[in-house]
Amino acid sequence: MSNDKLNFNGLTRRDFLRVGTVGATGVGLAGLGGLSTEALAEANDIGRLPSRRYGRTGLEISAMVGASDWSPDVIPMAVKAGVNYWHKAQKWTKETFPAAIKSQPRESYYLEITVDRVGGDNRTGHIDEEQHYQFVKQAVARSGAGYYDVFKFHYGYHSVQEAKTNPGMVRAYERLKKEGLVKHLAISQHHYNNMGGNLAFEILNYLMENSPYEAAQFFYTYGDRKETQDLIALAKQKDFGTIAMKTMGGVGRAAGDKKFQSLLAEPKFAGSTPAAAMVKWLMANPNLTAAVVATKSFDQLLENIGAAKQPRLAANDRHALDLLAGYNKGLTCLLCADCVTSCPEHIGIADIFRYERYALDYHELDRARAEYKTLTKNGTACIACGDCLPDCKADINILSKLKQVHDLLG
Ligand code: SF4
Ligand code: SF4
């Protein structure tokens, strides 16, 4: 491992060799501190990400969106590269709001607030108009941002029926919009078929046609189900914004797998990596507005932005994606939740395997364990009936993986 690849709290050695600079856009990179000569050259030459219309919101957002949990050290570079949409921005207070964003004209960047159910988690909590309204109002005051551009219902509805009959979230949004505290309505939709609800694409197909929602965020990675691809294409036709999340299926674990890395050293992959190829694949979809791409370090940010700027997949990228897809077979859950419908024990299999992804792909073991703990039914509820197995197009031995994940997170 070269010194440049040594990690310290998610940042690399380059982050600690700091000198600071100001780019052509006028965005200061002093927040990055200093960079080695080589990194400084890359930083100044980073260029701009493409932007796309976020459906009916009419916002022109960067094809790669940022998040408040990114290291404050990489945010100036992201702003310089054109990242202008910030997920979960309610985490920033007046004191922690990154200067690189705040120093720009307010209308040039977009802040998203995610609004969760109350009285429990995304499965057990409920929708409460007044509490959601107060939550956003207080967040606006705390952040000093003036308003949030996007009010996003986090985790989404449990079913089409709930979307049809429970107007609480929409009413909270409408009250806040009247007061100028939010501008647009979006949803981040999960699957709820383990609770007798619907799959994300079923709920989103309804919302696209029947509600004031303007855009949605949902799971999407290479090899995903056809229904999600169809949803993205239809959303484009309907001018409904789309942001893909959990996009890097298997990329993190492959990066730490010696056998995978030795295969990747073959000449046909030269110049590509699974991460870069995945970003290009996402960006090459003309129907998708944007993607959330996990970014833990300065090097990752440079790699992701470099790939996003050249979204044409070359032969080496296609080989890298094929290699990753082969590696993921039987190993990495694509979070489609097809298997969940067959489970007589109503185990949230896709949720459990999502937590495994946090641990193995994002290296966030504490978060994964904390999420696993909240489950009312975990992997130990499996009665080994095997009913789920024929559903898995990713060829995962769900029974044994549930055991492995319980050993890791339980
Ligand atoms: S094998 Fe386990 S996870 Fe699969 S359907 Fe049966 S009980 Fe559910
Ligand atoms: S285990 Fe297989 S069927 Fe179940 S969610 Fe994952 S990829 Fe889909």
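This dialogue walks through a predicted model, from its overall make-up to its barrel, one helix residue and two ligand sites.

Reader: Where should I begin, and how many helices and strands are there in the protein?

Author: It helps to begin with the whole before the parts. This is a predicted model, and the protein in it has 17 helices and 12 strands. Of its 410 residues, 48% count as buried, and among the contacts that join residues at least 6 apart in sequence, 73% are between residues at least 24 apart.

Reader: Which strands run in the closed barrel, and with what pairing?

Author: A barrel is read by following its strands in order. Here 8 strands form a closed barrel in the order S5-S6-S7-S8-S9-S10-S11-S12, and the pairing is parallel. From one strand to the next, the twist averages 30°. On the sheet packs helix H7, residues 168-178, which touches strand S8 (148-153) and strand S9 (182-188), and the direction of H7 makes about 160° with that of S9.

Reader: What pairs with strand S5?

Author: Strand S5, residues 64-67, pairs in the parallel sense with strand S12, residues 290-292, over 2 bridges. As a place to look, Val65 stands opposite Val292 in S12.

Reader: How should I read the two faces of a single strand, and which residues of S11 lie on each side?

Author: The general idea is that in a regular strand the side chains alternate between the two faces of the sheet. In strand S11, residues 241-245, 5 of the 5 residues are buried. Gly241, Ile243 and Met245 lie on one side, Thr242 and Ala244 lie on the other, and both faces are covered.

Reader: Which strands pair with S11, and over how many bridges?

Author: Strand S10, residues 215-219, pairs with S11 in the parallel sense over 5 bridges, and Ala216 stands opposite Thr242 in S11. S11 also pairs with S12 in the parallel sense, over 2 bridges, and there Ile243 stands opposite Ala290.

Reader: What unit do S10 and S11 make with helix H9?

Author: Taken together, S10, helix H9 (residues 226-237) and S11 make a β-α-β unit, and this unit is right-handed.

Reader: Let me turn to a residue in a helix: why does Tyr327 count as buried?

Author: Burial is read here by counting neighbours around a residue, and the cut-off is 20 or more other C-beta atoms within 10 Å. Tyr327 counts as buried because it has 20 C-beta neighbours inside 10 Å. Its place is in helix H14, residues 315-328.

Reader: Which residues does Tyr327 touch, leaving aside those up to four places away in sequence?

Author: With those set aside, Tyr327 touches Gly250, Ala254 and Phe260. Gly250 and Tyr327 are 77 residues apart along the chain, yet a separation of 8.0 Å lies between their C-alpha atoms.

Reader: Finally, how do I read the sites of the ligands, and which residues come nearest to ligand 1?

Author: One may ask who stands around a ligand, and then what kinds of residue they are. Around ligand 1 there are 14 residues, of which Cys343, Cys382, Cys385, Asp387 and Cys388 come nearest. The shell of ligand 1 divides into 10 nonpolar, 2 polar and 2 charged residues.

Reader: And what surrounds ligand 2?

Author: Ligand 2 is surrounded by 15 residues, the closest being Cys333, Cys336, Cys339, Cys392 and Ala394. Helix H15, residues 349-360, gives the largest share of this shell, with 3 residues. By kind, the shell around ligand 2 holds 13 nonpolar, no polar and 2 charged residues.

Terms used. Residues numbered from 1 in each chain as written. Chains lettered and ligands numbered in written order. Predicted model: local features only at pLDDT ≥ 70, side-chain atom pairs only at ≥ 80, totals over all residues. Helix = DSSP H or I, 4+ residues; strand = E, 2+ residues; numbered from the N terminus. Buried ≥ 20, exposed ≤ 12 C-beta atoms within 10 Å, placed from the backbone. Contact = placed C-beta atoms within 7 Å. Near = placed C-beta within 6 Å. Nonpolar A, V, L, I, M, F, W, Y, C, P; charged D, E, K, R; others polar. Pairing = 2+ DSSP bridges. Axes fitted to C-alpha atoms, helices over the stretch in contact; angles between N-to-C directions. Right-handed = clockwise from strand over helix to strand, strands pointing away.
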